[in-house]
Amino acid sequence: MSRITADLVAHAAVSFDALQSVGDTVYWIEGRPEGDVLVRWSPRAGRRDVLPKGWYAASYVHEYGGGAYVADCGGMWFCNAADQRIYHCQEGRTPLPVTPVPETPHALRYADLRLIRKVGRLVCVRERHEPDAVHNELISLPIDGSAEPRVIASGRDFYMSPTPSPDGLLLAWVSWDIPLMPWDGSWLWLAEVQPDGTLVNRRLIAGGENESVCQPQWGPDGVLYFVSDRSGWWNLYAWRDGECVPVVSGEFELAAAPWEFGYRTYAVQENGIIAIVQQGPEHYLATWSRSGVMNRVAMPYTSMKPYMGVTGKDVILIASSPNRLPEISRVSAEETSISTLASAGWSEGRRSFSQPQRFTFPTRDGAVAHGLYHPPATATNQPSPLLVRAHPGPTSNWPLRLDLHAQYFTSHGFAVADIDYRGSTGYGRAYRLQLRHRWGRIDATDCADAGLHLAAAGLADRDRIAIWGASAGGLTVLSALSSTEVFQAGIARSAIIDPNAWGQSAPKFQAHHAALLAGHLDDFVSTRPLLLIHGDADPVTPLNQVRALSARHPDITRLMVIPGAGHSFRRARDIARILAAELDSLSPLL
């Protein structure tokens, strides 16, 4: 296999997110260097951009956003990236605002847009930024913007998934409160909708401090469905006759941790259920008949983003595999046929890639953890240097798909190990909660134990192991270099440096997360070289925190500042520079 260059990775792909479907028309947001472009595909017109040039759909609620648009036959309502107002757009016309101008730019932000067409109203989450606090609430407003938005639910710290019934008479939604994250504990509510959009007769359906509920959805039978982890796994339930009834159960996840708004991982159809199923790093598509018989759909994919569209009897997915970059795919579960609507880049057969292999390893305290091992592209007679990667988001995971960052290093002689340390999603609630009050501890030692395990198996050179991490994974890097003797070097992108300081500067959505996860952490102490990569406009971890760390350890740290970049890096030139710098920093291990 020829080496993958930094420029090739930087220019190889766009991203797909926020997929929706309306009839036989499919919408998605395409992440391009210039912004988040809203795209539409239909059998008659094919694929084209929806909004006029210079308009981009993006929500900044929670900073992570999601749920930035909703469409139907009457047009499109979307959050405009530039000013965060909601606009209505019809084909060929200039978008018209339907929400007022805030007194302070970006002080009013919107997400999780839903339509109640029967009463001509839009419902969504609104985030109000005031000088002394940030407030989250549900609002309702006329779809033409003819009246001011009306608050219909408030008083809880966070809201998501306002979901109107098909007849527009009922609304379900989810809320949660600090210090919980929505995957820790949340509440599902139901109320009656009045003609003016207000709610009456509210009642609690499910959830609590020790139960995560998400993705309420109305079935064609008029029944409210939702996902809950009350069994220890995110399984599917229905609210029937005042009771929560199991619909699909098993040791698998039917939802993803809701870091963003607008996730949809299942659909209720006349003849049964179809859902994206997660087990560890792997996803597959499955159907359940009304009698409960399960059928796994034969597909070439192993990873699916948490968005599902439905067109007739077919489903639309954002799917990928170890040989494919993400694709927008139309899947017929009955005929097991697949058609591709859009592709992010290379397809199977164009190039050979290092194939990730799942592995489980023992931890030093007698537990087990999980990972993916990418062998070096060219086999040698000697154990290879190893790059251990800690995923961003302390409760995220590494999916089983083509990862160009991993492939870049395997093509240059490294083995790569992606670690789903304890606390990662995809392995049930008990595994996910093991990180509580131990972030910066067991994630670091799990990464170290994975490296030792692979070295003992002859899959890595014990004396040539490095660690890489981004965001929360950056904290794992710092802790692993300080508390273990396994790693010879580290790389931290957009690192969280100090959980306590991060909790004071992070957005409201995540500011309390550290208090639930982090225990006592020692100061960073290491003699190993460390490359810090950080955007000077990072809203999650301010650059001054990273500068201070680098200044305290000038003999071992190198700080690379990316001008104009936020918490993630999207510009091709930045990605190419970063990859080249990362490889250079690890060159002594080759």
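Arg114, Met160, Ser161, Cys214, Gln215, Ala256, Pro258, Glu260, Phe261, Gly262 and Tyr263 together line the largest cavity in this structure. Keep in mind that we're looking at a predicted model.

**The cavity**

That largest cavity comes out at a volume of about 80 Å³, and it belongs to a set of 4 cavities of 30 Å³ or more in the structure. Which strands each supply at least two residues of its lining? They are strand 13, covering 158-164, and strand 17, covering 213-218. Sorted by class, the lining has 6 nonpolar residues, along with 3 polar and 2 charged ones.

**Two buried side chains to look at**

One lining residue of the largest cavity, Phe261, also turns up among the contacts of His62. His62 sits in the loop between strand 4 (46-49) and strand 5 (69-72). Is His62 buried or exposed? It counts as buried because its relative accessibility is 3%, and the cut-off for that label is under 20%. Setting aside neighbours within four places in sequence, the residues in contact with His62 are Glu127, Asn136, Phe158, Trp176, Phe261, Pro507 and Phe509.

Then there's Trp239, which is part of strand 19. Trp239 is buried too, with a relative accessible area of 17%. If you skip residues up to four places away in sequence, Trp239 touches Leu190, Arg203, Ile205, Val223, Leu224, Phe226 and Cys244. For a sense of scale, pick Arg571: Trp239 and Arg571 are 332 residues apart in sequence, and their C-alpha atoms are 46 Å apart in space.

**Backbone oddities**

Most residues other than glycine have a negative phi, and most peptide bonds are trans. Here are a few spots where this model does something else.

The peptide bond from Ile178 to Pro179 is cis, and its omega is near 15 degrees. You'll find Pro179 in the loop between strand 14 (170-176) and strand 15 (186-193).

The other two cases concern phi, and the table puts them side by side.

| Residue | Phi | Loop | Relative accessible area |
|---|---|---|---|
| Asp241 | near 50 degrees | strand 19 (235-240) to strand 20 (243-248) | 82% |
| Ser471 | about 55 degrees | strand 33 (465-470) to helix 5 (472-483) | 11% |

Both phi values are positive in residues that aren't glycine. How do their surroundings compare? Asp241 is exposed, since its relative accessible area is 82% and the label needs over 50%. Ser471, on the other hand, is buried, with just 11%. Asp241 also brings us back to strand 19, as its loop runs from that strand to strand 20, and strand 19 is where Trp239 is found.

**A four-stranded sheet**

Further along the chain there's an open sheet of 4 strands, ordered 21-22-23-24 and paired antiparallel. Which strands form its edges? Strand 21 (266-269) and strand 24 (294-296) do, each pairing on one side only. From one strand to the next, the twist averages 25 degrees.

Inside that order, strand 22 (residues 272-279) and strand 23 (residues 282-289) run antiparallel and are joined by 8 bridges. If you want one bridge to click on, take Gly272, whose partner in strand 23 is Ser289.

Note on methods:
Residues are numbered from 1 along each chain as its sequence is written. This is a predicted model: local features need pLDDT of at least 70, side-chain atom pairs count only at pLDDT 80 or more; totals for chains, interfaces and linings use all residues. Side-chain values use heavy atoms; hydrogens and water are left out. On a 1 Å grid over the protein atoms alone, a cavity is a set of points where a 1.4 Å probe fits but cannot get out, and a pocket is an open set with protein on both sides within 12 Å along at least five of seven lines; lining residues have an atom within 4 Å of a point. Grid points are joined across faces, edges and corners, and a volume is the space filled by probe spheres set on the points. Ala, Val, Leu, Ile, Met, Phe, Trp, Tyr, Cys and Pro count as nonpolar, Asp, Glu, Lys and Arg as charged, and the others, Gly among them, as polar. Buried means under 20% relative accessible area, exposed over 50%, partly exposed in between (1.4 Å probe, protein chains only). Contact means heavy atoms within 4.5 Å. Two strands pair if DSSP finds at least two bridges between them. Axes are lines fitted to C-alpha atoms, for helices over the stretch in contact, and angles run from 0 to 180 degrees between N-to-C directions.
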